[in-house]
Amino acid sequence: MVARNTKAAAGHNATPDLRSWLRQLAATDRLAVTRGGLSLVDEIAAVSKRLENESAVLFPSPSQHDIPVVANIFANRGWVADSLGIAAGDLLERFQNAVRAPIPWVEVKDAAAQEVVHRDVDLLKQLPIPKHNEHDSGPYITAALLIARNPKTGIQNVSIHRCQVSGPDRIGVLLLPRHTLHYYKMAEQAGEGLEIALVIGVHPACILASQAIAAVDEDEMEIAGALLGHPIEMVKCRTNQVRVPAHAEIVIEGRILPKVREPEGPFGEFPQYYGPRANREVIQVDAITHRKNAIFHTIVGGGAEHLVLGEIPREATLLEHLQRSFSSVRDVRLTWGGTCRYHLVVKIDKASNGEPKNIIMGAFGGHYDVKQVIVVDMDVDIDKPHEVEWAVATRFQADRDLLVVSGAQGSKLDPSSNGGISAKMGLDATKPIESEPMTFKRIHVKGQEDVDLPRVLLDDPKAAFARIVGL
């Protein structure tokens, strides 16, 4: 059992919650509210998808449920930064520092997340769980933190998995080869279920932290505390030993059953394809707890929010990983065209000609999802895809600068892979060290940054045009 500080909730500054972020979005005209009664089947997802790059959306009384649904809580990197109270340029550094210096959570006795308790569970009656993409196999819980405990040590792991409602108290769950599956196999080998909780509706810092590429027994809620600058308050579940964020909107308590597999899928995933149907692990739900007037957060599979929430933590973790070995690495981006998982751009202050290929190999080792790496120089803006493409077009030669690795572990959700076995490709799009200064000198118009357009442009161009040409 891992010891944690225990204290009463009173007298401690409460962790910001989902509601505080929604209030901030509303105050800055980034929250839309629909008319009541939109359908949980397809309609909520359709509206969310239309608005995914513009605003968050709150859906009152969806399919006549009392609990509203919210989607699109992040539209881009700037929103992620806003949720942490920092500038977008400071995002990766903040995340890196949080991983380096996590803040242990504190346990409280009472929690808003347990104001209402359901022990007689009927998931679809008690919670507004949407169906998202056209060929999804049914309603899915998509924005829940799955919190599991190491059966031997009690250390907790936090992650997000797709969760298909398959019965009133039954959920099919996809466990990829990561830490939750490791804990589950430990429990299954002992003939026991793995105690878990699905936590829905938390502060964005908790969702971001869940996506950190951390070691197997590093608790992501401690990273969340460091992102916010103070401990996350956690409370013990009513039916098991898992501790969950006290500020959560909804908690589903249960066990992943040993030696039980049931059909799950298809489901629309981040690569913009459907994850296939197969026999998966099964959660037996024992209780649902939630706030009074709870809010249900959903993420449309493969949408902008799905990509953004995976982008920042992975970038920060990959940057940390690369900078340990390569002092020349300055920044990284997981591209949207690469689904914020598969394609990585690395900016370096190049010191030697062989270095980019070493960096490429290091990036492949940073996370098995990474499939393509492009290394560029300091003069390339990695937030602009056309600049990266320009660097490849003018600084890369395939017979000299291409690195291909066959038969490596990749993403099982990549439909072009062979059951997750994937080829990796690296492109060195940097200038040779020995090149003549003018060979790769970018053209530049002197003074363009200093032009004062209001001073040089006339207010009425139509009248000026008529006067100049004599019309």
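## Helices and sheets in a predicted model

At the start of helix α8, the backbone nitrogen of M221 has a side-chain oxygen of D219 within 2.9 Å. This report concerns a predicted model, and it begins with this helix before turning to a second helix and to two sheets.

### Helix α8 and its partner

Helix α8 covers residues 220-228, and eight of its nine residues are buried, so the rest of the structure largely encloses it. The buried residues are E220, M221, E222, I223, A224, G225, A226 and L227. After the helix comes G229, which has a positive phi, near 90 degrees.

Helix α4, formed by residues 91-100, meets α8: the two axes come within 8 Å and cross at roughly 130 degrees. The two helices are therefore oblique to each other, and their crossing is right-handed. On the side of α4 the contact is made by R94, F95, A98 and V99, and on the side of α8 by I223, A226 and L227. An α-helix has 3.6 residues a turn, so residues three or four places apart point the same way. The three contact residues of α8, namely I223, A226 and L227, also appear among the buried residues of that helix.

### Helix α3

Helix α3 can be described in the same terms. Six of the eight residues in α3 (residues 77-84) are buried, so this helix too is largely enclosed by the rest of the structure. Its buried residues are R77, W79, V80, A81, S83 and L84. The table sets out the start and the end of each helix.

| Helix | Side-chain oxygen at the start | Backbone nitrogen reached | Distance | Residue that follows | Phi of that residue |
|---|---|---|---|---|---|
| α8 | D219 | M221 | within 2.9 Å | G229 | positive, near 90 degrees |
| α3 | N76 | G78 | within 2.9 Å | G85 | positive, near 75 degrees |

### The sheet of four strands

One open sheet has four strands in the order β2-β3-β4-β20, with mixed pairing. Strands β2 (31-33) and β20 (296-297) stand at the edges; each has a single partner strand, so one side of each lacks a neighbour in the sheet. Strand β2 runs parallel to β3 (residues 56-59), and three bridges join them. Within this pairing, A32 has V57 of β3 as its bridge partner. Helix α2 (residues 43-50) packs on the sheet and touches β3 and β4, with its direction at about 155 degrees to that of β3. Helix α1 (residues 18-27) lies across β2, β3, β4 (69-71) and β20, and runs at about 90 degrees to β2.

The edge strand β20 contains H297. Is this residue buried or exposed? The relative accessibility of H297 is 2%, and because buried means under 20%, H297 counts as buried. Its side chain makes a polar contact of 2.7 Å with the side chain of E305. Beyond its neighbours within four places in sequence, H297 is in contact with L18, V70, I73, A143, I200, G201, I207 and E305.

### The sheet of five strands

Another open sheet, also with mixed pairing, has five strands in the order β21-β22-β23-β25-β24. Its edge strands, β21 (329-334) and β24 (402-409), each pair on one side only. Neighbouring strands of this sheet are turned against each other by 20 degrees on average, with direction ignored. Strands β21 and β22 (residues 343-348) run antiparallel and are joined by five bridges; here D331 stands opposite K347 of β22. Helix α11 (residues 385-395) packs on this sheet, touching β22, β23 (372-376) and β25 (421-429), and its direction makes about 75 degrees with that of β25.

Methods:
Residues are numbered from 1 along each chain as its sequence is written. This is a predicted model: local features need pLDDT of at least 70, side-chain atom pairs count only at pLDDT 80 or more; totals for chains, interfaces and linings use all residues. Side-chain values use heavy atoms; hydrogens and water are left out. Two strands pair if DSSP finds at least two bridges between them. Contact means heavy atoms within 4.5 Å. Axes are lines fitted to C-alpha atoms, for helices over the stretch in contact, and angles run from 0 to 180 degrees between N-to-C directions. Buried means under 20% relative accessible area, exposed over 50%, partly exposed in between (1.4 Å probe, protein chains only). A polar contact is a pair of N or O atoms within 3.5 Å; within protein, one must be able to donate a hydrogen and the other to accept it, and residues adjacent in sequence count only if both atoms are side-chain atoms. Angles under 35 degrees count as roughly parallel, over 145 as roughly antiparallel, 65 to 115 as roughly perpendicular and the rest as oblique. A crossing is left-handed if the near helix is turned anticlockwise from the far one by less than a right angle, and right-handed if clockwise.
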